[in-house]
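Subject: Structure handover

Hi,

Here is the structure I promised to pass on. Have a look at it first, and then read on for what turned up.

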Amino acid sequence: MKKKTNVYRSKRKIVWRIVNAFALALLVLTFSISGQIIYEYKRYRPFYVSGDSMYPFFNKDATRTNVETGVTETSHDGDWGDYDNPAYSYVCDYGLLDDKDGFKERLSRFDVVMAYFDDDYSLSEGGLISGYAHAPKIKRLYGFPGESLYFDDTGSLFLKEKDETEYRYLPQMQCVVDDGHLLETTIGARYATKDNPVVLGEDEYFLVGDNRRVGKSNDCREKGPIGRKHNENSHYPSGSFFIRGRVVALTGKASIEVKYDEKGNKEIKDRLIYSSLLFPWAIQEL
């Protein structure tokens, strides 16, 4: 009987050792994940994506909920306008932005960036136009200073790098939406067409949205390269001024609510939806 008791106790000790080892491993993993998340959120600035110009890369599963009825709709192209209707609350993508000193030196072609356009700047105000400062655009970086580029009638990209003499075909990212209207924006592409290639001057950059459906991305194809006005009038900032950060990761989703006060001033409240937070191994690094 004593022998059976000793065997039972030995088995129980083994089981407890296994349980304790598993619990310890789980605790270490939890601290590692928490530490990684805290590190990433201290290292980078969080942001949310309001708009459809980068669909389907961002806001593929964007939704809005009627505040009064509670009815939720899913957008199939990320398009809820400017996400500024107070009758709705919105759910959109949430990520991390590198805007630390020196990030511009690390920029590469096809990086996703947060930026303003020349028209967002006011010489009379001496800065970004009031109301615009909170809302940089999210686009993909295509052209650098000294380069020339154009899109042909099929939306294919052709690039002539600095010191090169011939244009060459350059494959674009697979996420670009193509429905037969790649070149068109709200009022049509005036820059970077086959008949009118854009030639980027000193400190000029060319940004384009992934969603090339008609009217979905208002970008450098209509506005011209950022930094263009500086080369025409030095009182405007150069192009690098307008690039405010490089998108480094998609980490979850955010809830957006918009309120207007009696004077018509808009207040945007955004919060991370913690249940949507991606663990480090699931974060979509860009």
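Let me begin with a strand pairing: S1 (residues 45-48) and S4 run antiparallel and are joined by 4 bridges. Within that pair, Arg45 has Leu97 of S4 as its bridge partner. Before you go further, please keep in mind that this is a predicted model.

S4 turns up again and again. Strand S2 (residues 63-66) also pairs with S4, antiparallel and over 4 bridges; there, Arg64 has Tyr90 of S4 as its bridge partner. Then there is strand S14 (residues 243-260), which pairs with S4 in the antiparallel sense over 10 bridges. One residue to click on is Leu96, whose bridge partner in S14 is Ala249. If you want the chemistry behind the word "pair", strands of a sheet are held to each other by backbone hydrogen bonds, in either a parallel or an antiparallel arrangement.

How many of the residues in S4 (88-98) are buried? The count is 10 of 11, so that strand is mostly covered, going by the cut-off of under 20% relative accessible area.

You will probably want to know about the cysteines. Cys92 is buried, at a relative accessible area of 1%, and Cys220 is buried too, at 0%. How many disulfides does a search of the whole structure find? It comes back with 0.

Next, the nonpolar core. The largest one holds 30 residues, and those touching the most other members are Tyr142, Leu149, Phe151, Phe206, Ile226 and Ile243. Two or more residues each come from strands S5 (112-115), S8 (137-143), S9 (148-151), S10 (157-160) and S13 (206-208). S13 gives the most, with 3 residues. As background, nonpolar side chains in soluble globular proteins tend to be buried together.

Tyr142 is a good residue to centre your view on. Setting aside neighbours within four places in sequence, Tyr142 has contacts that include Phe110, Leu149, Phe151, Leu157, Val176 and Phe206. Polar and charged residues are on the list as well, among them Arg109, Glu147, Gln172 and Arg212.

From there, hop to Val176, one of the contacts of Tyr142. Val176 sits in the loop between strand S11 (168-170) and strand S12 (198-199). Is Val176 buried or exposed? Its relative accessible area is 17%, and the cut-off for buried is under 20%, so Val176 counts as buried. Val176 also lies 8.1 Å from Phe57, C-alpha to C-alpha, although 119 residues separate the two in sequence.

The strands on either side of that loop belong to an open sheet of 4 strands, in the order S11-S10-S9-S12 with antiparallel pairing. S11 and S12 are the edge strands with a single partner each, so each has one side without a neighbour in the sheet. S10 and S11 are paired antiparallel over 3 bridges, and Leu157 stands opposite Leu170 in S11.

Finally, some totals for the protein chain. It has 4 helices and 16 strands, and 43% of its 286 residues are buried. Among contacts with a separation of 6 or more, 68% are between residues 24 or more positions apart. The chain exposes about 16,400 Å², with carbon and sulfur atoms supplying 52% of that.

Cheers

Terms used: Residues numbered from 1 in each chain as written. Predicted model: local features only at pLDDT ≥ 70, side-chain atom pairs only at ≥ 80, totals over all residues. Heavy atoms only, no water. Buried < 20%, exposed > 50% of the residue type's maximum accessible area, 1.4 Å probe, protein only. Disulfide = S-S within 2.5 Å. Pairing = 2+ DSSP bridges. Core = buried A, V, L, I, M, F, W, Y, C linked by side-chain atoms within 4.5 Å. Contact = heavy atoms within 4.5 Å. Areas by Shrake-Rupley, 256 points an atom, 1.4 Å probe, with all protein chains shown as cover.
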